[in-house]
Every structure is written in C-alpha cells, then in structure tokens.
Amino acid sequence: MHMHRLEKMWLTFGVAMLAVFLIVLGIGVFANGAQPPTTHAHGGHEKPAPELAEETAPFDKPGLHKIGDNEYKLVMVAIAFAYKPLEDKIVIPAGATVHFEVTSTDVVHGLQIPGTNVNMMAVPGETTNFTFTFKKPGEYLVLCNEYCGNGHEMMWTTITVA
C-alpha cells in the first residue's frame, strides 16, 4: 500500500500528539494524587452502606447543625425523588459557611445550587463533602443534576439565606 508523504507526516503527527496527551494526562494524575472514587477519604466517617445510610451517623440525623460561629454542617440524604431533610425550612444566616455532607440510599443523584459553585454527586455508599459560604441573602434552589429516574424533575428543595 502506497501512502503519500504528507499522509505519513499527518499520521505521525497525530500519533505523536496522542502520545503527548497521554503522557501529560498521566503526569497530571500522579502529580495531583488522583484516585478512583472507591478510595476517597470519607471525612472520618464510616462508609455508609446504601441500605443502612439513614441509620448511620451523621445521616441518621439529616438537617442543619451549627458547629461553630457562623459555621454549619448540612447533612442531606438523597432518596428517590427528594432530599432529606424533607422540609423546605433550611434557613442559613447570610455570610455563613456551610459544610455539606451528602449521600444517597438508592441510585446516583446530584446536588447543584444554580448560581453558585455547589455541584456534587450523591453516590450510594459514598459520602460527598463540599464547603460553601453563602454571602448573599436569598432563596437558593437545590436541584438534582443527575438523571435518577421517572420522578427526577420533582427532586428539588430550597435553602433560604436570611
């Protein structure tokens, strides 16, 4: 099979760029200590079995807990198709720092607050942590951003920052 000289050059260039990409990706992964999700730190908590998540601390008491001066921990459990705590009465003072701890009992759910950088996955058997400071008062919509089933569009709640 005869290949034109330019085809060989482009093919060589493409393979070389793929090799460079994989080397840079590999170096970045090792330099940043990336690990697969099964080895994530769990914030000092036991890894909750999905079927026992609601009986395992801290998910046995979902809700907003004050842990310091203007600092709160919001423990949430994602279930089909809602978040626990179920009530829409999550009220946080403006300027408060909130440490989210989220898990799921059934399937992969998401937790996103539009207009902020709060964007997490709630994976069964995993605890997801995220910290955010609510600087502006208002009502913040909390949405599931992972398609989790037929009732996915009903999976939302609100956080009021007063």
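Two strands count as paired if DSSP finds at least two bridges between them. Strands here are DSSP runs (E, at least two residues) and helices likewise (H or I, at least four), numbered from the N terminus.

I am working from a predicted model, where local features need pLDDT of at least 70, side-chain atom pairs count only at pLDDT 80 or more, and totals for chains, interfaces and linings use all residues. Residues are numbered from 1 along each chain as its sequence is written, and side-chain values use heavy atoms, without hydrogens and water.

Entry 1, strand pairing. I looked up β4 and β10 and found them parallel, over three bridges. Val 91 stands opposite Thr 160 in β10. β10 also pairs with β9, in the antiparallel sense and over six bridges; there Gly 138 has Val 161 as its bridge partner.

Entry 2, hairpin. β1 (residues 63-68) runs antiparallel to β2 (residues 71-79), with five bridges. His 65 is bridged to Lys 73 in β2. Two residues lie between the strands, and Asn 70 takes a positive phi near 60 degrees.

Entry 3, core. I checked the largest nonpolar core (buried Ala, Val, Leu, Ile, Met, Phe, Trp, Tyr and Cys residues joined through side-chain atoms within 4.5 Å; buried means under 20% relative accessible area, exposed over 50%, partly exposed in between, with a 1.4 Å probe and protein chains only). It has 25 residues, and Tyr 83, Phe 100, Leu 111, Ile 113, Phe 134 and Ile 159 touch the most other members. Strands that each supply at least two residues include β2, β5 (96-104) and β8 (128-134).

Entry 4, helix. Leu 6 sits in α1 (residues 5-31). Leu 6 is partly exposed, at 44% relative accessible area.
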